[in-house]
Amino acid sequence: MDSVLLHGEAEGYIQSLEKMALRDIGSQRWFRQHEYIEKLNMQAILNASANQEEFIKDLFVSLGKIPTLVHAMILTEIWKHKVFPIICKLQDFNTKSTFLLYMVIHHEATIINLLETIMYHKESSEAAGDSVLDLLDYCHRKLTLLAGRSVSGQILTEDRVTHTQQSDTTSLQDLQRQSDMLEFEISVKALSVLCSITDHIESLSVSVLSRMLCTHNMPCVLVQLVENCPWNRGTLEKYTEGKWRPVLPEDQLKLSKHDGQVWMALLNLLLKPDCQRKYDFNSFNKTQLLKLRGFLTDVVIDQLPNLLDLRHFLSHLALTDPAAPKKDLILEQVPEIWNDIVTENSSKWKAIAKHQVTHVFNPSESELREQASRLAQTYNLDVMENLIPEKPKCGACGRVGAKRCSRCQGEWYCNRECQVKHWPKHKPACKLMAEAIEKPQEELNISS
């Protein structure tokens with residue numbers, strides 16, 4: 001499979017993206033934009049995995065739509081924190097389907113995943129303009145939440161339910177739990193975006209540098225992540241490629257992708273000349289940074305040789321007291337997206353929730369049929385399987401899968417014996433997944 005979208009289709013989708021109001025979330029106009037972003041994300045993943053020309057990134061840069069993506073992501077973040085909890089508490093809310101609510105909850109994850117692919121490139125950071133500050137603040141919120149939950153032992157260590165596993169019968173309480181599990185995945189993606197921003201720090205404004213080092217003290221936030229390593233569950237499991245996976249004995253000392261991103265971000269923020277001139281190596285920051293020496297073992301440096309420079313720098317830092325940075329008078333830019341959205345809606349959270357319960361998340365049968373048709377096209381299993389780089393594995397023994405469950409289409413097996421053996425465990429999930437697939441098809445049949 002070469003493409004999900006043609007170049008002209010992708011250009012049309014990106015050109016049509018627009019900033020929306022909080023009240024519009026979940027509407028038909030919003031749903032159509034969500035569908036576009038999902039397809040663009042699939043194409044970006046496909047291009048990256050196949051090392052093809054990344055025309056999605058080029059189109060976002062040339063059309064100047066990266067700030068629109070950042071706005072949509074922060075808008076959804078605010079909705080999840082301010083409006084969704086109110087919706088869950090409304091006693092008169094009795095929707096026929098919670099799937100649209102799940103789409104809104106998942107929207108933030110889709111955008112951060114797309115931004116992870118786009119922001120890897122220097123020209124994307126430059127094209128983002130002032131919205132880089134908003135994106136930086138977003139990453140800081142997610143990483144401090146990740147570090148805090150890791151310290152308190154609140155990291156959810158089970159895989160979230162995917163689109164094809166989501167059932168219309170899911171309760172609002174289950175949706176809240178899904179939102180919490182999704183928050184971990186989003187935070188890990190935010191780390192990747194932050195790492196890309198630090199890679200291109202020389203080409204960004206002084207305001208970005210100042211906010212990263214002085215306002216948010218990102219080096220100390222990253223030290224917390226090194227100490228607590230939220231994507232590791234002891235030596236038993238690691239979070240990789242969106243799943244908690246068992247760690248083989250020979251891989252226990254191997255750095256994960258997320259470990260590498262933390263170390264590369266620290267390397268950029270502590271060793272780049274502009275950063276060293278700007279950062280205040282006061283007694284507190286110095287004490288925090290020197291904790292890293294205990295983690296910079298020979299095994300780690302063998303995997304990331306660049307970290308040898310960081311170890312030398314920390315050894316020198318332990319023996320010296322760097323001068324405080326100069327207090328220059330600078331007219332500093334500040335992020336605006338979060339504050340503008342909150343200010344505009346600060347007294348309207350409950351009114352927005354009631355409006356959406358009545359007019360958005362309680363669709364008519366005809367609207368449900370239309371949504372079912374679009375979802376069946378957007379989340380086509382055959383399309384999505386082409387985006388997965390690894391071959392499917394048997395759900396019972398872990399070997400390469402040769403056939404999949406004929407009912408739910410979501411689980412693979414290497415032979416009939418494994419399928420029969422795994423059936424008691426798979427049966428509940430199979431029922432949920434099959435309903436999620438069959439109901440949209442039934443809706444289509446009724447409409448025709």
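Select Val223 first, in helix 11 of this predicted model. Val223 counts as buried, with a relative accessibility of 1%. Add Gln288 to the selection: 65 residues separate Val223 and Gln288 in sequence, yet their C-alpha atoms are 7.0 Å apart in space.

Remain with helix 11, which covers residues 218-228, and select Glu227 within it. Glu227 forms a salt bridge with Lys291, and the closest N and O atoms of the pair are 3.8 Å apart. Lys291 belongs to the loop between helix 14 (283-290) and helix 15 (298-303), so the bridge links distant parts of the chain, 64 residues apart. Glu227 is partly exposed, with a relative accessible area of 32%, and the value for Lys291, also partly exposed, is 32%.

Next, display Asp298 and Arg311. The two residues form a salt bridge in which the closest N and O atoms lie 3.3 Å apart. Asp298 is in helix 15 and Arg311 in helix 16 (residues 307-319), so this bridge ties together parts that are 13 residues apart in sequence. Asp298 counts as exposed at 52% relative accessibility, whereas Arg311 is partly exposed, with a relative accessible area of 26%.

Move now to helix 6 and select Glu116 together with Lys257. Their salt bridge has its closest N and O atoms 3.5 Å apart. Because Glu116 lies in helix 6 (residues 99-118) and Lys257 in helix 12 (residues 257-271), the pair ties together parts that are 141 residues apart in sequence. Is Glu116 buried or exposed? Glu116 is buried, with a relative accessible area of 13%.

To view a linked set of charges, select Glu77, Lys80, Glu108, Arg141, Lys142 and Glu183. These residues are joined in a network of salt bridges. A search of the whole structure finds 20 salt bridges.

Turn to helix 3, which spans residues 55-63. Phe55, Ile56, Lys57, Leu59 and Phe60 are buried in this helix. Continue along the chain to Gly64, which follows helix 3 and has a positive phi, near 65°.

The next selection is Pro363, in the loop between helix 18 (349-359) and helix 19 (365-378). Pro363 counts as buried, at 5% relative accessibility. Show Leu100 as well: the C-alpha atoms of Pro363 and Leu100 are separated by 9.3 Å, although the two residues are 263 residues apart along the chain.

For a view of the surface, select Asp130, Glu336, Asp340 and Glu344. Together these four residues form a negative surface patch. Where in the fold does Asp340 lie? Asp340 is placed in helix 17, which runs through residues 337-345. The relative accessible area of Asp340 is 46%, and the residue is partly exposed.

Finish with residues 394-430, where an unreviewed UniProt entry places the feature "domain: MYND-type". Colour this span by secondary structure: 41% is helix and 11% is strand. The C-alpha atoms at the two ends of the span lie 15 Å apart.

Technical notes. Residues are numbered from 1 along each chain as its sequence is written. This is a predicted model: local features need pLDDT of at least 70, side-chain atom pairs count only at pLDDT 80 or more; totals for chains, interfaces and linings use all residues. Side-chain values use heavy atoms; hydrogens and water are left out. UniProt positions are given in the numbering used here, feature names are shortened, and annotations may be inferred rather than shown by experiment. Helices (H or I, at least four residues) and strands (E, at least two) are DSSP runs, numbered from the N terminus. Patches are made of residues with over 30% relative accessible area and no salt bridge: like charges are joined within 9 Å, nonpolar side chains (Val, Leu, Ile, Met, Phe, Trp, Tyr) within 5 Å. Accessible areas come from the Shrake-Rupley method with a 1.4 Å probe; for residues, only the protein chains shown count as cover. A salt bridge is a side-chain nitrogen of Lys or Arg within 4 Å of a carboxyl oxygen of Asp or Glu. Lys and Arg count as positive and Asp and Glu as negative; His and the chain ends are not counted. The place of a charge is taken as NZ of Lys, CZ of Arg, CG of Asp or CD of Glu. Buried means under 20% relative accessible area, exposed over 50%, partly exposed in between (1.4 Å probe, protein chains only).
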